[in-house]
Amino acid sequence: MSWSWRLGKFAGIDVKVHATFLLLVGFVGLSYWLQAGSLESALQGVIFLLALFACVLLHEFGHALAARRYGIPTRDITLLPIGGVARLERMPSDPRQELVVALAGPAVNVVIAAGVFIWLTLTTGFAPLGQIGITGGTLLERLLFTNLLLAGFNLIPAFPMDGGRVLRALLATRLHYVRATQIAAALGQGIAFLFGLWGLFSNPLLVFTALFVWIGAQQESAQVQTRHALSGVPVRAAMLTNFHALAPDDRLARAAEYVLAGSQRDFPVVSFGRVIGALSARQLFAGLAQYGPHALVGEIMHPHLPAVTDEDTLENASEHFQGEGTHAVAVTRDGQLVGLLTLENLAEFMQIRNALRAAPGQAA
Ligand code: ZN
(Lines give C-alpha, C1' and ligand atoms only; values in the text may rest on other atoms or scores of the structure.)
Protein backbone atom coordinates (compact mmCIF):
# COMPACT_ATOMS: atom_id res chain seq x y z
CA MET A 1 0.00 0.00 0.00
CA SER A 2 1.47 3.38 -0.94
CA TRP A 3 1.63 6.25 1.57
CA SER A 4 2.74 3.92 4.34
CA TRP A 5 5.91 3.47 6.39
CA ARG A 6 7.41 0.19 7.55
CA LEU A 7 7.77 -0.10 11.33
CA GLY A 8 9.35 -3.55 11.60
CA LYS A 9 8.73 -7.27 11.39
CA PHE A 10 6.86 -9.19 14.09
CA ALA A 11 6.10 -12.94 14.01
CA GLY A 12 7.40 -12.93 10.43
CA ILE A 13 4.94 -10.25 9.25
CA ASP A 14 5.85 -6.74 8.06
CA VAL A 15 4.06 -4.04 10.07
CA LYS A 16 3.37 -0.70 8.35
CA VAL A 17 1.54 2.47 9.31
CA HIS A 18 -0.51 4.45 6.79
CA ALA A 19 -0.24 8.24 6.60
CA THR A 20 -3.98 8.60 7.32
CA PHE A 21 -3.44 6.90 10.69
CA LEU A 22 -2.09 10.32 11.69
CA LEU A 23 -5.67 11.61 11.34
CA LEU A 24 -6.65 9.35 14.21
CA VAL A 25 -3.67 10.62 16.20
CA GLY A 26 -4.83 14.16 15.48
CA PHE A 27 -8.39 13.41 16.51
CA VAL A 28 -7.39 11.84 19.81
CA GLY A 29 -4.84 14.60 20.43
CA LEU A 30 -7.51 17.23 19.86
CA SER A 31 -9.88 15.48 22.28
CA TYR A 32 -7.20 15.73 24.97
CA TRP A 33 -6.43 19.32 24.17
CA LEU A 34 -10.09 20.31 24.50
CA GLN A 35 -10.40 18.34 27.74
CA ALA A 36 -7.42 19.92 29.53
CA GLY A 37 -4.80 21.94 27.69
CA SER A 38 -1.82 20.92 29.84
CA LEU A 39 1.45 19.18 28.94
CA GLU A 40 0.73 16.40 31.41
CA SER A 41 -2.56 15.50 29.79
CA ALA A 42 -0.94 15.68 26.36
CA LEU A 43 1.73 13.21 27.53
CA GLN A 44 -0.95 10.95 28.94
CA GLY A 45 -2.59 11.18 25.55
CA VAL A 46 0.57 9.96 23.83
CA ILE A 47 0.93 7.01 26.19
CA PHE A 48 -2.71 6.15 25.70
CA LEU A 49 -2.29 6.36 21.94
CA LEU A 50 0.70 3.98 21.98
CA ALA A 51 -1.34 1.52 24.03
CA LEU A 52 -4.29 1.88 21.66
CA PHE A 53 -1.91 1.45 18.72
CA ALA A 54 -0.70 -1.83 20.26
CA CYS A 55 -4.29 -3.07 20.72
CA VAL A 56 -5.14 -2.34 17.08
CA LEU A 57 -1.99 -4.19 16.04
CA LEU A 58 -2.86 -7.19 18.23
CA HIS A 59 -6.34 -7.19 16.65
CA GLU A 60 -4.71 -7.56 13.20
CA PHE A 61 -2.35 -10.25 14.46
CA GLY A 62 -5.49 -12.06 15.62
CA HIS A 63 -6.63 -12.23 11.99
CA ALA A 64 -3.15 -13.04 10.65
CA LEU A 65 -2.38 -15.83 13.10
CA ALA A 66 -5.84 -17.37 12.69
CA ALA A 67 -5.28 -17.39 8.91
CA ARG A 68 -1.85 -18.95 9.40
CA ARG A 69 -3.56 -21.87 11.13
CA TYR A 70 -5.25 -22.60 7.80
CA GLY A 71 -1.98 -22.28 5.90
CA ILE A 72 -2.63 -18.74 4.65
CA PRO A 73 0.33 -16.36 4.99
CA THR A 74 -0.04 -12.61 5.56
CA ARG A 75 1.93 -10.19 3.34
CA ASP A 76 1.83 -7.27 5.76
CA ILE A 77 -0.25 -5.43 8.33
CA THR A 78 -1.01 -1.74 7.73
CA LEU A 79 -2.48 0.48 10.43
CA LEU A 80 -5.26 2.76 9.17
CA PRO A 81 -7.68 5.05 11.02
CA ILE A 82 -10.40 2.40 10.74
CA GLY A 83 -8.33 -0.11 12.66
CA GLY A 84 -5.76 -1.61 10.38
CA VAL A 85 -5.66 -4.06 7.51
CA ALA A 86 -3.96 -7.45 7.51
CA ARG A 87 -3.22 -8.27 3.88
CA LEU A 88 -3.77 -12.00 3.75
CA GLU A 89 -2.37 -13.82 0.74
CA ARG A 90 -5.96 -14.94 0.08
CA MET A 91 -9.24 -15.35 1.95
CA PRO A 92 -10.13 -18.88 3.06
CA SER A 93 -12.70 -20.25 0.61
CA ASP A 94 -14.27 -22.39 3.34
CA PRO A 95 -16.89 -20.13 5.02
CA ARG A 96 -16.24 -21.65 8.45
CA GLN A 97 -12.56 -20.77 8.19
CA GLU A 98 -13.39 -17.22 7.08
CA LEU A 99 -15.73 -16.94 10.07
CA VAL A 100 -12.91 -17.90 12.46
CA VAL A 101 -10.41 -15.54 10.76
CA ALA A 102 -12.91 -12.63 10.82
CA LEU A 103 -13.87 -13.16 14.47
CA ALA A 104 -10.27 -13.60 15.67
CA GLY A 105 -9.56 -9.83 15.46
CA PRO A 106 -12.44 -8.53 17.59
CA ALA A 107 -11.95 -11.53 19.90
CA VAL A 108 -8.46 -10.20 20.74
CA ASN A 109 -9.98 -6.86 21.83
CA VAL A 110 -12.61 -8.63 23.93
CA VAL A 111 -9.87 -10.68 25.61
CA ILE A 112 -7.81 -7.53 26.33
CA ALA A 113 -10.91 -5.77 27.73
CA ALA A 114 -11.73 -8.79 29.89
CA GLY A 115 -8.14 -8.92 31.16
CA VAL A 116 -8.21 -5.23 32.09
CA PHE A 117 -11.64 -5.66 33.70
CA ILE A 118 -10.42 -8.53 35.89
CA TRP A 119 -7.28 -6.58 36.82
CA LEU A 120 -9.27 -3.48 37.79
CA THR A 121 -11.81 -5.50 39.77
CA LEU A 122 -9.00 -7.21 41.73
CA THR A 123 -7.07 -4.02 42.41
CA THR A 124 -8.44 -0.50 42.44
CA GLY A 125 -12.03 -0.86 41.38
CA PHE A 126 -13.79 1.40 38.89
CA ALA A 127 -14.55 5.04 38.44
CA PRO A 128 -18.26 5.72 37.96
CA LEU A 129 -19.14 4.27 34.54
CA GLY A 130 -20.40 7.58 33.21
CA GLN A 131 -16.91 9.10 33.47
CA ILE A 132 -15.20 6.46 31.36
CA GLY A 133 -14.69 7.34 27.72
CA ILE A 134 -11.94 8.07 25.23
CA THR A 135 -10.64 10.88 27.45
CA GLY A 136 -12.26 10.14 30.84
CA GLY A 137 -11.05 7.75 33.55
CA THR A 138 -7.62 6.23 34.16
CA LEU A 139 -5.48 4.83 31.36
CA LEU A 140 -6.63 1.27 32.01
CA GLU A 141 -10.28 2.30 32.16
CA ARG A 142 -9.97 4.10 28.86
CA LEU A 143 -8.24 1.06 27.32
CA LEU A 144 -11.08 -1.13 28.50
CA PHE A 145 -13.58 1.24 26.90
CA THR A 146 -11.72 1.61 23.61
CA ASN A 147 -11.13 -2.13 23.23
CA LEU A 148 -14.86 -2.76 23.58
CA LEU A 149 -15.41 0.07 21.10
CA LEU A 150 -12.92 -1.50 18.66
CA ALA A 151 -14.58 -4.90 18.93
CA GLY A 152 -18.08 -3.45 18.56
CA PHE A 153 -17.20 -1.12 15.71
CA ASN A 154 -15.45 -3.82 13.70
CA LEU A 155 -18.41 -6.16 14.13
CA ILE A 156 -20.78 -3.75 12.34
CA PRO A 157 -21.84 -5.82 9.29
CA ALA A 158 -20.30 -3.41 6.77
CA PHE A 159 -18.33 -5.64 4.39
CA PRO A 160 -15.30 -5.72 4.09
CA MET A 161 -15.10 -4.89 7.80
CA ASP A 162 -14.93 -7.90 10.14
CA GLY A 163 -18.68 -7.95 10.81
CA GLY A 164 -19.31 -7.91 7.06
CA ARG A 165 -16.99 -10.87 6.60
CA VAL A 166 -18.82 -12.73 9.34
CA LEU A 167 -22.06 -12.00 7.47
CA ARG A 168 -20.59 -13.14 4.12
CA ALA A 169 -19.32 -16.34 5.72
CA LEU A 170 -22.72 -17.06 7.28
CA LEU A 171 -24.51 -16.34 3.96
CA ALA A 172 -21.98 -18.49 2.09
CA THR A 173 -22.91 -21.55 4.13
CA ARG A 174 -26.33 -21.39 2.41
CA LEU A 175 -25.80 -19.37 -0.78
CA HIS A 176 -23.27 -19.38 -3.61
CA TYR A 177 -20.05 -17.59 -2.63
CA VAL A 178 -20.45 -14.94 -5.35
CA ARG A 179 -24.07 -14.23 -4.36
CA ALA A 180 -23.15 -14.10 -0.65
CA THR A 181 -20.40 -11.58 -1.46
CA GLN A 182 -22.76 -9.44 -3.55
CA ILE A 183 -25.32 -9.25 -0.75
CA ALA A 184 -22.69 -8.52 1.92
CA ALA A 185 -21.04 -5.86 -0.30
CA ALA A 186 -24.38 -4.17 -1.08
CA LEU A 187 -25.24 -4.00 2.63
CA GLY A 188 -21.69 -2.78 3.34
CA GLN A 189 -22.10 0.06 0.86
CA GLY A 190 -25.51 0.95 2.29
CA ILE A 191 -24.07 1.19 5.79
CA ALA A 192 -21.03 3.08 4.46
CA PHE A 193 -23.38 5.64 2.88
CA LEU A 194 -25.19 6.18 6.20
CA PHE A 195 -21.81 6.38 8.01
CA GLY A 196 -20.65 9.01 5.56
CA LEU A 197 -23.83 11.03 5.86
CA TRP A 198 -23.71 10.91 9.63
CA GLY A 199 -19.99 11.70 9.61
CA LEU A 200 -20.59 14.86 7.60
CA PHE A 201 -22.49 16.30 10.54
CA SER A 202 -20.47 14.84 13.40
CA ASN A 203 -17.01 13.38 12.78
CA PRO A 204 -14.91 13.71 9.60
CA LEU A 205 -13.11 10.47 10.50
CA LEU A 206 -16.36 8.61 9.84
CA VAL A 207 -16.45 9.98 6.30
CA PHE A 208 -13.01 8.47 5.67
CA THR A 209 -14.09 5.17 7.18
CA ALA A 210 -17.18 5.19 4.98
CA LEU A 211 -15.04 5.83 1.91
CA PHE A 212 -12.68 2.94 2.75
CA VAL A 213 -15.61 0.61 3.31
CA TRP A 214 -17.41 1.72 0.14
CA ILE A 215 -14.36 1.25 -2.12
CA GLY A 216 -13.31 -1.94 -0.35
CA ALA A 217 -16.75 -3.51 -0.79
CA GLN A 218 -16.80 -2.62 -4.48
CA GLN A 219 -13.28 -3.92 -5.17
CA GLU A 220 -13.65 -7.16 -3.33
CA SER A 221 -17.04 -7.94 -4.82
CA ALA A 222 -15.64 -7.37 -8.33
CA GLN A 223 -12.61 -9.53 -7.52
CA VAL A 224 -14.74 -12.40 -6.34
CA GLN A 225 -16.87 -12.22 -9.49
CA THR A 226 -13.81 -12.15 -11.76
CA ARG A 227 -12.17 -15.03 -9.95
CA HIS A 228 -15.38 -17.03 -10.20
CA ALA A 229 -15.64 -16.32 -13.94
CA LEU A 230 -12.03 -17.45 -14.43
CA SER A 231 -12.24 -20.61 -12.32
CA GLY A 232 -12.29 -23.86 -14.24
CA VAL A 233 -11.37 -22.17 -17.55
CA PRO A 234 -8.08 -23.49 -18.97
CA VAL A 235 -5.37 -20.97 -19.82
CA ARG A 236 -5.32 -22.07 -23.49
CA ALA A 237 -8.84 -20.64 -23.91
CA ALA A 238 -7.57 -17.09 -23.42
CA MET A 239 -3.84 -17.08 -24.16
CA LEU A 240 -2.18 -15.13 -26.98
CA THR A 241 -0.97 -17.57 -29.61
CA ASN A 242 -0.02 -14.93 -32.14
CA PHE A 243 3.02 -13.29 -30.54
CA HIS A 244 6.72 -12.64 -31.04
CA ALA A 245 9.46 -14.16 -28.91
CA LEU A 246 13.01 -12.81 -28.73
CA ALA A 247 16.36 -14.58 -28.49
CA PRO A 248 18.98 -13.38 -25.97
CA ASP A 249 21.35 -12.41 -28.81
CA ASP A 250 18.71 -10.38 -30.69
CA ARG A 251 19.46 -6.66 -30.94
CA LEU A 252 17.19 -4.17 -29.18
CA ALA A 253 16.42 -2.71 -32.63
CA ARG A 254 14.49 -5.89 -33.47
CA ALA A 255 12.40 -5.65 -30.30
CA ALA A 256 11.70 -1.99 -31.18
CA GLU A 257 10.44 -3.10 -34.62
CA TYR A 258 8.06 -5.59 -33.01
CA VAL A 259 6.71 -2.94 -30.62
CA LEU A 260 6.04 -0.56 -33.53
CA ALA A 261 4.55 -3.20 -35.84
CA GLY A 262 2.07 -4.69 -33.37
CA SER A 263 0.47 -4.15 -29.99
CA GLN A 264 2.65 -6.58 -28.03
CA ARG A 265 4.30 -4.94 -25.02
CA ASP A 266 5.85 -7.93 -23.24
CA PHE A 267 8.21 -10.38 -24.96
CA PRO A 268 9.33 -13.77 -23.72
CA VAL A 269 13.04 -14.39 -24.28
CA VAL A 270 13.66 -17.94 -25.48
CA SER A 271 16.89 -19.90 -25.78
CA PHE A 272 16.90 -23.46 -27.21
CA GLY A 273 13.12 -23.66 -26.80
CA ARG A 274 13.26 -22.70 -23.13
CA VAL A 275 11.96 -19.43 -21.62
CA ILE A 276 14.89 -17.74 -19.87
CA GLY A 277 13.50 -14.25 -19.28
CA ALA A 278 11.25 -11.42 -20.38
CA LEU A 279 11.58 -7.98 -21.94
CA SER A 280 8.89 -5.36 -21.36
CA ALA A 281 8.40 -2.29 -23.55
CA ARG A 282 9.45 -0.11 -20.63
CA GLN A 283 12.72 -2.03 -20.17
CA LEU A 284 13.27 -1.79 -23.91
CA PHE A 285 12.89 2.01 -23.92
CA ALA A 286 15.24 2.34 -20.93
CA GLY A 287 17.75 0.00 -22.63
CA LEU A 288 17.58 1.92 -25.90
CA ALA A 289 18.21 5.20 -24.09
CA GLN A 290 21.16 3.80 -22.16
CA TYR A 291 22.89 1.39 -24.56
CA GLY A 292 21.50 2.14 -28.03
CA PRO A 293 19.80 -0.09 -30.65
CA HIS A 294 22.73 -2.54 -31.03
CA ALA A 295 22.72 -3.78 -27.43
CA LEU A 296 21.63 -7.38 -26.90
CA VAL A 297 18.26 -8.40 -25.47
CA GLY A 298 20.00 -10.87 -23.12
CA GLU A 299 21.87 -8.02 -21.43
CA ILE A 300 18.88 -6.00 -20.32
CA MET A 301 16.05 -8.56 -20.05
CA HIS A 302 14.46 -9.49 -16.74
CA PRO A 303 15.79 -12.99 -15.96
CA HIS A 304 12.46 -14.37 -14.81
CA LEU A 305 9.06 -14.86 -16.43
CA PRO A 306 6.38 -16.66 -14.45
CA ALA A 307 5.11 -19.71 -16.32
CA VAL A 308 1.96 -21.81 -16.25
CA THR A 309 0.89 -24.75 -18.38
CA ASP A 310 -1.93 -24.42 -20.89
CA GLU A 311 -3.95 -26.85 -18.73
CA ASP A 312 -3.78 -24.57 -15.67
CA THR A 313 -6.88 -22.54 -14.84
CA LEU A 314 -7.06 -18.82 -15.57
CA GLU A 315 -7.86 -18.33 -11.89
CA ASN A 316 -4.46 -19.78 -10.88
CA ALA A 317 -2.63 -17.95 -13.67
CA SER A 318 -4.15 -14.60 -12.69
CA GLU A 319 -2.62 -14.93 -9.21
CA HIS A 320 0.76 -14.22 -10.83
CA PHE A 321 -0.52 -10.80 -11.85
CA GLN A 322 -1.63 -9.95 -8.33
CA GLY A 323 1.30 -11.41 -6.44
CA GLU A 324 4.35 -10.57 -8.53
CA GLY A 325 3.28 -7.40 -10.28
CA THR A 326 4.10 -8.80 -13.73
CA HIS A 327 2.23 -7.98 -16.92
CA ALA A 328 2.76 -11.28 -18.72
CA VAL A 329 2.88 -14.99 -17.95
CA ALA A 330 4.46 -17.60 -20.25
CA VAL A 331 2.26 -20.55 -21.17
CA THR A 332 4.03 -23.85 -21.77
CA ARG A 333 3.08 -27.35 -22.91
CA ASP A 334 5.60 -30.15 -22.27
CA GLY A 335 8.16 -27.49 -21.39
CA GLN A 336 7.74 -25.69 -24.75
CA LEU A 337 6.46 -22.12 -25.02
CA VAL A 338 3.02 -22.20 -26.70
CA GLY A 339 1.42 -18.94 -25.59
CA LEU A 340 1.48 -15.76 -23.59
CA LEU A 341 -1.07 -14.52 -21.10
CA THR A 342 -1.32 -10.78 -20.38
CA LEU A 343 -3.66 -8.62 -18.30
CA GLU A 344 -5.16 -7.11 -21.50
CA ASN A 345 -5.72 -10.66 -22.68
CA LEU A 346 -7.62 -11.56 -19.54
CA ALA A 347 -9.70 -8.37 -19.77
CA GLU A 348 -10.58 -9.14 -23.40
CA PHE A 349 -11.49 -12.69 -22.50
CA MET A 350 -13.87 -11.41 -19.82
CA GLN A 351 -15.43 -8.90 -22.23
CA ILE A 352 -16.00 -11.55 -24.90
CA ARG A 353 -17.46 -13.91 -22.34
CA ASN A 354 -19.84 -11.26 -21.00
CA ALA A 355 -20.85 -10.26 -24.52
CA LEU A 356 -21.61 -13.87 -25.43
CA ARG A 357 -23.63 -14.28 -22.28
CA ALA A 358 -25.74 -11.26 -23.20
CA ALA A 359 -26.31 -12.58 -26.74
CA PRO A 360 -29.93 -13.66 -27.44
CA GLY A 361 -30.67 -17.34 -26.93
CA GLN A 362 -27.82 -17.84 -24.45
CA ALA A 363 -28.41 -19.24 -21.00
CA ALA A 364 -26.66 -17.17 -18.32
ZN1 ZN B 1 -10.41 -6.80 12.05
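This is a short tour of two domains, the interface where they meet, and a few salt bridges in a predicted model.

**Stop 1: the two domains**

Start by colouring residues 4–230 as domain 1 and residues 235–358 as domain 2, following the domain assignment of the chain. If you place a marker at the C-alpha centre of each domain, the two markers sit 40 Å apart.

**Stop 2: where the domains meet**

Next, select the contact residues on both sides: 5 residues of domain 1 touch 9 residues of domain 2. Together the two domains bury about 620 Å², and 65% of that area is on carbon and sulfur atoms. Which three residues supply most of what domain 1 buries here? Show R227, A229 and L230 as sticks: they account for 78% of the area that domain 1 buries against domain 2, more than any other three residues.

What about charge pairing and polar contacts across this interface? The rule finds 0 salt bridges between the domains, and 1 residue pair in polar contact, with both residues at pLDDT 80 or more. Now display helix α7, residues 204–230, which gives the most to the domain 1 side of the interface, with 4 residues. By class, the domain 1 side holds 2 nonpolar, 1 polar and 2 charged residues.

**Stop 3: a buried pair between strands**

Side chains of opposite charge can pair when their charged atoms come close. The count for this model comes to 12 salt bridges, and we will visit some of them.

Select D76 and K16 and check the closest N and O atoms, which are 3.2 Å apart. D76 belongs to strand β3 (residues 74–79) and K16 to strand β2 (residues 13–18), and the two residues are 60 apart along the chain. Are these partners buried or exposed? Both D76 and K16 are buried.

**Stop 4: a pair between helices, and its network**

Move on to E98 and R165, whose side chains form a salt bridge at 3.6 Å, N to O. E98 is in helix α3 (residues 95–122) and R165 is in helix α5 (residues 162–172), so this pair ties together parts 67 residues apart in sequence. E98 is buried, at 1% relative accessible area, and R165 is buried too, at 12%.

**Stop 5: a pair in domain 2's range**

Finally, select D250 and R254, which meet in a salt bridge at 3.8 Å, N to O. D250 counts as buried at 15% relative accessibility, whereas R254 is partly exposed at 39%. Before you close the viewer, select E98, R165, R168 and E220 together: salt bridges with shared partners join these four into one network.

Note on methods. Residues numbered from 1 in each chain as written. Predicted model: local features only at pLDDT ≥ 70, side-chain atom pairs only at ≥ 80, totals over all residues. Heavy atoms only, no water. Domains from an automatic or database assignment. Contact = heavy atoms within 4.5 Å. Buried area = accessible area lost by both parts, 1.4 Å probe. Polar contact = N/O pair within 3.5 Å; in protein donor to acceptor, adjacent residues only side chain to side chain. Nonpolar A, V, L, I, M, F, W, Y, C, P; charged D, E, K, R; others polar. Buried < 20%, exposed > 50% of the residue type's maximum accessible area, 1.4 Å probe, protein only.
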